[in-house]
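Please examine the structure displayed here together with its sequence. The paragraphs after it explain how the chain is arranged.

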Amino acid sequence: MEIKIGIQNVGREIVLESTQDADAVAKLVAEAISGQTELRLQDEKGRQIIVPAKVIGYVELGAQEQRRVGFAAL
């Protein structure tokens, strides 16, 4: 799933691919914002992304993509 995090007063957003589901990520975001702590996420390669909650402008969660099986047209 693709996650985009907008940072206040910064023109670029943080984009990462995660294996976590949307509900789990939404819960982590809500807890970080309500507690004014940091948001900690892990991407699909195992890297950690840490963002202070006070600078988060928005978090966009992409749709859970199902793995496709078969051949595609090239």
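The account below proceeds from the overall layout to the sheet, the helix, the second strand pair and the core.

The model is a predicted one. The protein comprises one helix and five strands, and from the N terminus on these elements follow the order β-β-α-β-β-β. Of its 74 residues, 23% count as buried. Among contacts between residues at least 6 apart in sequence, 48% join residues at least 24 apart.

The sheet is a suitable place to begin. Three strands form an open sheet in the order β2-β1-β5, and their pairing is antiparallel. The edges are occupied by β2 (13–17) and β5, each of which has a single partner strand, so one side of each is left without a neighbour in the sheet. On average, and with direction ignored, neighbouring strands of this sheet are turned by 15 degrees against each other. In general, strands of a sheet pair through backbone hydrogen bonds, either parallel or antiparallel. Here five bridges join β1 to β2, and five bridges join β1 to β5.

Individual residues show how β1 is held on both sides. I3 has L16 as its bridge partner in β2 and L61 as its bridge partner in β5. Further along, I5 stands opposite I14 in β2. Leaving aside neighbours within four places in sequence, I3 is in contact with I14, V15, L16, S18, V25, L41, V59, E60 and L61.

The partner residue L16 deserves separate attention. L16 lies in strand β2. Is L16 buried or exposed? Its relative accessible area is 6%, and residues under 20% are classed as buried, so L16 is buried. The C-alpha atoms of L16 and E2 are separated by 5.8 Å, although the two residues are 14 apart along the chain. Beyond its neighbours within four places in sequence, L16 is in contact with residues including M1, E2, Q42, D43 and I49.

The connection between β1 and β2 is a hairpin with five residues between the strands. N9 lies in this loop and has a positive phi of about 60 degrees although it is not a glycine. With 82% relative accessibility, N9 counts as exposed.

The helix α1 comes next. At 1.5 Å a residue, its 14 residues should span 20 Å; the end C-alpha atoms of α1 are 20 Å apart, which agrees with that expectation. Which residues of α1 are buried? They are V25, V29 and A32. These residues cover an arc of only 65 degrees around the axis, and therefore lie on the same side of α1. The face turned away from this buried side carries the exposed residues D23, K27 and S34. The cover over the buried residues of α1 includes β1, β3 and β5 (56–61).

Q36 follows α1 and lies in the loop that leads from α1 to β3. Like N9 in its own loop, Q36 is not a glycine, yet Q36 has a positive phi of about 55 degrees. Q36 is exposed, with a relative accessible area of 51%.

Beyond that loop, the strands β3 and β4 run antiparallel and are joined by five bridges. One of the paired positions places L39 with V51, its bridge partner in β4. The two strands form a hairpin with five residues between them, and G46 in the turn has a positive phi of about 90 degrees. In a regular strand the side chains alternate between the two faces of the sheet. In β4, I49 and V51 make up a covered face, whereas Q48, I50 and P52 make up an uncovered one.

The final topic is the nonpolar core, where several of these residues appear again. The largest nonpolar core has 14 residues, of which I3, I5, L16, V25, L39, L41 and V51 touch the most other members. At least two residues of this core are supplied by each of β1 (2–7), α1 (22–35), β3 (38–42) and β4 (48–52). Two residues from the preceding paragraphs, I3 and L16, thus link the themes: they are bridge partners, and both are among the core residues that touch the most other members.

Technical notes:
Residues numbered from 1 in each chain as written. Predicted model: local features only at pLDDT ≥ 70, side-chain atom pairs only at ≥ 80, totals over all residues. Heavy atoms only, no water. Core = buried A, V, L, I, M, F, W, Y, C linked by side-chain atoms within 4.5 Å. Buried < 20%, exposed > 50% of the residue type's maximum accessible area, 1.4 Å probe, protein only. Helix = DSSP H or I, 4+ residues; strand = E, 2+ residues; numbered from the N terminus. Contact = heavy atoms within 4.5 Å. Expected span 1.5 Å × (residues − 1). Arc of directions from axis to C-beta. Pairing = 2+ DSSP bridges. Axes fitted to C-alpha atoms, helices over the stretch in contact; angles between N-to-C directions.
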